Amino acid sequence: MISIINTPAEFLPIQRLVEIKVVAEQLHFKVSTLLMHGGKGVEAIKWFRQHMVWYMQLIGPHNTTFLHWEWVSRQYIVFAELLQASSLGTSILQPPTSGIPGSVVTELEQQPAYYYQLAAHYMRKRRNSFNFALDNMSEASQNEAVDIFQSSSETLGVPLYVGQYPQLLEEGSIRSPTQAEYMGHFIAEEKMFQHSRAVIDLLMKAYEQYKLAKSGRMVYCIGSEMGQEYFAAREYVNAKRLFESVAGLYRQEAWVTLLWVCLGYLKECARKLSLLKEYIEYSLEMAALPILSDLELEANTFQNEDAPAGPFSYSQRAKIHKEVIGILQGTTSDIPAQEGMSCLSVTESGPIFLEIDLVSPLRAVLLAYVAFHEQVVKTGGMTSFTLSLLTHLPLPMEINELEIQFNQLPCNFLVISEKRQASANTPETRNPRIQTVPDLELEPNKWKRLSFNVNAGLSGKLECLSVIARIGQHSTICCRAESPASREDLPLWKFEDRLETLPMRDGSLALFGQKVIQVEDPEPLVDVVLSASGPGFVGELFPVSVLVNSNGHAIHAGELKINIVDSKVGSMESPRETASTSLQPYHVELLIVQSNGEQLERVTRDEENFQRCSGILAVPFIDVGTSWSTQLFIKWHKPKVVTLFVSLGYQASQKIHLHKSLQLEGKIPITVSHRYMTPFRRDSLLLENVKKKLSSDIDVSLALNEANVLVVTARNFAEVPLRLISITVEEEDGSSCSVRQAREIYAGSLSVATADLEHYQAEPEAERGSITESDFSFLLMPNEAYRQIFSVRPSVASSALGVGTVCIRWKRDMESMKFFSQEKARDVSHFQPSVTINSPTVTTTQVKLSPVRVEKPPLVVSLECPSHALFGAPFTLALKIQNETTCLQEVRFSLVDSQSFLVSGAHSDTISILPYSSHILSYKLVPLASGLLQLPQVILTATRYSASFHPPPASTQLFVFPSNPHLKSGPFTSGLTIVNSR
């Protein structure tokens with residue numbers, strides 16, 4: 001084999017060459033398979049590389065080269081299948097390493113897709129070589145080419161060795177086929193072979209493999225090659241689909257040379273498919289590519305002469321430009337389409353309309369920037385704007401007329417050149433919707449700046465939408481207008497070496513210009529002003545001022561239609577605002593009051609049927625230059641966001657209606673919470689707490705006939721100061737549960753020392769009276785709290801006893817609100833009142849207390865000790881255990897020693913207590929330290945109920961003085977001194 005490789009192929013018969021390559025293919029296949037199975041993939045790739053180097057030069061005569069390329073293509077196909085079938089096809093074999101030159105296996109060579117791609121390449125060379133051979137053969141030689149191996153099996157003999165074709169049997173003798181017969185067989189087979197389909201199948205396999213390897217750019221490269229094969233096979237629909245997807249990537253990454261070739265194929269596919277609009281779009285895009293001169297061809301190494309696009313040059317751009325502009329203007333002859341179809345031309349029945357938006361590839365053909373010279377204009381006023389046009393076409397482009405479109409149709413107008421107006425013989429009467437300019441010719445890469453005036457007719461927003469350029473009678477290009485402030489460079493032109501200019505001469509307009517201008521309303525003849533002092537509060541009468549001004553004409557027979565509509569359907573309240581439940585069955589009330597204060601109407605609706613609260617109010621005669629005002633009052637019973645609509649209808653020269661709206665929010669002003677505590681140093685055994693029933697909804701248990709402590713906390717949840725007037729509790733049934741007010745505690749912050757509350761011994765019989773507005777009022781700033789203490793004594797046992805209702809009377813504090821708003825002026829979240837509430841009404845917030853469980857305790861334990869002690873001075877600690885049942889109760893007790901006291905008394909025992917009697921455990925204690933100390937803990941356990949007493953830690957604390965203190969006389973001491981108990 002080595003000697004044959006070194007022999008020139010021209011001296012070897014074609015049959016001999018084919019047989020040698022078949023044998024070499026068999027040997028190579030066996031060696032590659034063994035290497036693959038042995039896990040030596042790198043050696044297999046190197047072996048294949050050397051195998052192709054050896055036999056690539058055995059081409060043969062010119063008329064038989066297609067046989068060589070067929071064999072080469074088959075080698076790549078077989079090795080790609082071997083590589084794909086092995087585990088090496090899905091992973092990198094080895095990283096590139098340094099070694100012998102040419103021995104490094106690259107990452108690309110490790111992919112089966114690489115070999116499928118090369119197989120397709122050589123398959124195309126096979127097709128081209130065969131077509132060349134057919135062109136060089138005479139017609140007679142082609143007709144004489146007969147496949148002798150398609151004869152019957154009786155005339156064919158068995159080949160003698162691998163690679164040999166069958167022998168011919170003639171009259172009992174065996175002979176080898178001649179070279180003419182041999183070539184006739186291959187020519188006949190090659191005529192039947194579908195080269196394009198084979199190339200497409202190979203490229204499809206490469207496409208799938210590159211896609212699995214996530215090689216994005218190679219996927220598009222293979223797609224481009226497949227599109228070329230579909231184009232060669234005259235499957236233009238499939239070719240166009242592939243080239244469109246590939247062109248998207250080339251545009252995005254600015255591959256101008258490859259995009260040129262791709263657009264050439266797309267243009268030709270559109271012509272073959274009789275798609276005139278697509279043909280014009282692809283032609284314009286090619287003409288606008290950044291090729292500035294033919295000198296760039298010398299440095300350009302990629303020149304595909306067979307591509308339909310032609311040479312990649314400036315002269316070719318100019319040629320395409322002339323052709324496509326001639327088609328649009330109607331001066332170029334018809335474009336020949338596919339055979340059997342009519343020619344392509346722009347006619348009245350088939351006009352061309354091209355649209356260029358912000359993502360269109362045709363933005364390089366025509367760019368339109370619009371910038372208004374002002375930001376705000378009054379309705380009916382005149383404003384100016386500048387229109388800048390730019391094209392990247394290689395030759396000047398003449399525009400017949402421009403149409404500038406706005407979002408307000410009366411502002412649209414046409415722009416024509418003076419030359420065209422003179423040639424059209426238009427009448428001298430001036431049309432306000434037609435404006436003239438000296439010329440409408442766009443120079444390549446040069447801004448065309450035009451300034452116009454427009455009359456803003458309607459209030460709101462005036463925006464330039466698009467600029468429509470008419471090239472011919474039936475050809476139109478619609479370009480979306482853009483703002484200079486949001487200008488972006490074209491992807492294909494931003495890297496070019498050229499002088500870049502601004503679209504506007506004015507630098508501020510070029511950088512910050514907008515295509516939108518705000519049109520303000522004119523001064524109203526009659527105006528309705530709605531104003532309020534901020535958010536309303538649940539329960540209060542919230543005033544809303546209505547002011548009617550007459551500036552242009554008098555108002556006759558006027559009336560106000562008032563509607564309140566829910567503006568938060570589905571999200572009426574927040575979870576944190578549902579702590580207190582309103583007692584009123586209504587949710588929104590509307591109170592309409594005349595300017596003299598007379599009440600006219602009150603409308604209320606339930607929440608289930610809540611749609612709107614409405615009313616009608618008559619408006620008196622209002623002369624020009626005067627005004628009339630009234631007040632509406634809205635009362636919320638539940639936090640809700642509503643919208644107040646006021647419609648003024650009056651009679652002038654005709655019936656006129658004016659509508660205004662105001663969004664209002666009702667918020668919770670004060671949140672109310674409460675908790676119950678047992679009397680100080682008096683603990684009752686409640687069996688329900690021991691059982692811990694999880695199914696019960698009532699969590700609080702109180703002892704029967706015991707003075708329990710109720711602490712009510714009111715917190716300012718609003719954003720303005722509130723004046724707290726009184727906090728009372730209305731008893732639900734005084735005979736079942738009596739509630740008496742004991743004392744009040746204010747907390748500027750949100751916490752009060754728990755010990756202060758638990759040290760307080762409620763006085764059940766002493767009622768100090770409720771706090772009224774005449775003798776007390778307290779200012780609550782935002783987020784501050786006020787606490788009030790009550791004594792609750794239930795007199796009947798019940799599983800759900802109603803205690804009563806907390807009533808809190810409050811109002812807005814206007815003087816503090818003014819100071820508070822000045823301090824918070826910089827905070828935009830605080831509302832600056834526009835309506836002053838001169839005399840805010842007093843509002844009552846009612847919250848029903850949750851029911852409690854009341855039971856008779858079987859045992860009651862009282863701790864008796866002095867309020868203080870002296871260091872080293874003994875004192876007595878007594879625990880009084882009362883049996884409130886008719887049964888004998890056994891109580892087990894144990895004393896836990898404390899390091900702070902010396903204790904004398906029984907430490908542990910079990911005692912029996914007779915019915916309705918008591919037992920006292922007495923201990924003598926001597927303090928061994930000073931300060932706030934914890935008394936020795938006595939653990940009491942009721943044997944019958946297996947329950948223990950757990951007094952709070954604050955009730956078992958005692959303050960020990962280091963010596964006998966002498967307190968000065970004061971408002972709280974009244975001359976009291978502490979006397980040594982010794």
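The following passage describes the overall make-up of a predicted model and then turns to two loop residues with positive phi values.

The protein chain of this predicted model comprises 982 residues, of which 46% are buried. Its secondary structure consists of 18 helices and 49 strands. When contacts between residues at least 6 apart in sequence are considered, 75% of them are found to join residues at least 24 apart. The surface that the protein chain exposes amounts to about 50100 Å², and carbon and sulfur atoms account for 52% of that area.

Two residues in loops between helices merit separate description. R234 is situated in the loop that runs between α9, spanning residues 216–232, and α10, spanning residues 236–252. Although R234 is not a glycine, its phi is positive, with a value of about 65°. The relative accessible area of R234 is 66%, and this residue is therefore classed as exposed, since the class requires a value over 50%.

S274, in turn, is located in the loop between α11, which covers residues 256–272, and α12, which covers residues 276–287. The phi of S274 is likewise positive, lying near 60°, and S274 too is a residue other than glycine. With a relative accessibility of 23%, S274 counts as partly exposed, because this value falls between the limit of 20%, under which a residue is buried, and that of 50%, over which a residue is exposed.

Methods
Residues are numbered from 1 along each chain as its sequence is written. This is a predicted model: local features need pLDDT of at least 70, side-chain atom pairs count only at pLDDT 80 or more; totals for chains, interfaces and linings use all residues. Side-chain values use heavy atoms; hydrogens and water are left out. Helices (H or I, at least four residues) and strands (E, at least two) are DSSP runs, numbered from the N terminus. Buried means under 20% relative accessible area, exposed over 50%, partly exposed in between (1.4 Å probe, protein chains only). Contact means heavy atoms within 4.5 Å. Accessible areas come from the Shrake-Rupley method with a 1.4 Å probe; for residues, only the protein chains shown count as cover.
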